[in-house]
Every structure is written in C-alpha cells, then in structure tokens.
Amino acid sequence: VNSKTAELGDGISLLLDQDVKVGDAVVIPKGTPVDATITQADSSGHMGTPGDIAFEVYSLTMHGTTVPLQGGETLEGADHYGWMKGLILIPVAGATSMLLHGDQAEIKPGMTFTVAVTADTLLKP
C-alpha cells in the first residue's frame with residue numbers, strides 16, 4: 001500500500017504476526033486478519049516533498065468474538081526538499097525542480113506495528 005494509490009477509508013490487509021497465548025494455549029493464531037483502515041494518504045508533491053500515509057487498526061475477530069484494538073502508524077517517504085532548495089537558485093534547474101517529487105510513503109510486506117487491546121475480551125483456547 002502506498003501514498004500514491006491509497007485512498008482515505010480504504011481497508012488494508014494486515015495479519016497478526018505472532019500467536020496470542022494464555023499460558024501455553026494459543027487463543028489467537030498468527031496470521032489472523034486484522035481490521036485496519038487508511039486514515040490519511042497524500043501523494044508526494046513538487047519540490048521534493050514526500051508522500052505520507054497513515055492507518056488505524058480497529059479489531060480482529062476470532063471464533064465470532066471481536067477483539068477491539070487501538071493502534072496505527074504514520075509513514076512518510078524520503079524527503080528531497082533539502083536537495084531541491086539548492087536547485088531553486090539555479091535559473092534553468094530552478095524551474096525543473098518544481099517537477100521533481102519526493103518518494104511515496106509505503107506500507108511494505110513484513111513491516112511490524114504494535115497495537116493494544118482496548119477492552120477485556122473473553123477468548124477460549
């Protein structure tokens with residue numbers, strides 16, 4: 001998912017990356033889908049400004065029981081603005097620098113994020 005193609009309100013595919021256990025019993029297995037939504041997506045802009053993307057995590061469901069979650073992340077692409085400022089002072093390159101963009105923000109496969117359970121929820125192993 002990246003800041004160029006994502007839209008506000010898009011659902012995103014996130015998976016639990018480790019088992020949730022009570023003692024030695026697994027109550028939520030690794031790979032369980034997590035409900036998350038894009039809350040901000042701005043493509044990179046002129047003069048090297050980066051794109052950004054944010055999402056919120058709301059819940060996951062196990063055996064018909066919804067576990068409320070809270071968390072999210074905001075990511076930003078590489079900023080090329082500092083490099084572009086020098087080009088602005090050069091007459092020919094200055095106009096060209098207006099066309100150059102920073103990098104898109106991206107949620108990449110394998111990235112990990114931390115969320116919290118927001119309410120006690122009874123789960124059976």
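Hi everyone. A strand, as I'll use the word, is a DSSP run of E that is at least two residues long, and strands are numbered from the N terminus. With that in hand, look at strand β6, which covers residues 65-76 and contains Leu75. Please keep in mind that this is a predicted model.

So, is Leu75 buried or exposed? Buried means under 20% relative accessible area, and Leu75 has 15% relative accessibility, so Leu75 counts as buried. What does Leu75 touch, leaving aside residues up to four places away in sequence? Its contacts include Gly51, Asp52 and Ile53, and also Ala105, Glu106, Ile107 and Met111. Phe55 sits 20 residues from Leu75 along the chain, and their C-alpha atoms are 9.0 Å apart.

Now over to Ser3, in the segment before β1. Ser3 has a relative accessible area of 1%, so Ser3 is buried too. Its side chain makes a polar contact of 2.6 Å with the side chain of Gln104. Again skipping residues up to four places away, Ser3 touches several others, among them Ala41, Asp42, Ser43 and Ala105.

Last, the empty space. The largest pocket holds about 840 Å³. Lining that pocket are 32 residues, and the closest to its centre are Leu15, Leu16, Asp17, Val34 and Phe113. Which strand gives the largest share of the lining? That is β1, with four residues. At least two lining residues each come from β1, β2, β3, β5, β6 and β7, so β6, the strand of Leu75, shows up here again. By class, the lining has 23 nonpolar residues, six polar ones and three charged ones. Thanks for listening!

Methods. Residues are numbered from 1 along each chain as its sequence is written. This is a predicted model: local features need pLDDT of at least 70, side-chain atom pairs count only at pLDDT 80 or more; totals for chains, interfaces and linings use all residues. Side-chain values use heavy atoms; hydrogens and water are left out. Buried means under 20% relative accessible area, exposed over 50%, partly exposed in between (1.4 Å probe, protein chains only). Contact means heavy atoms within 4.5 Å. On a 1 Å grid over the protein atoms alone, a cavity is a set of points where a 1.4 Å probe fits but cannot get out, and a pocket is an open set with protein on both sides within 12 Å along at least five of seven lines; lining residues have an atom within 4 Å of a point. Grid points are joined across faces, edges and corners, and a volume is the space filled by probe spheres set on the points. Ala, Val, Leu, Ile, Met, Phe, Trp, Tyr, Cys and Pro count as nonpolar, Asp, Glu, Lys and Arg as charged, and the others, Gly among them, as polar. A polar contact is a pair of N or O atoms within 3.5 Å; within protein, one must be able to donate a hydrogen and the other to accept it, and residues adjacent in sequence count only if both atoms are side-chain atoms.
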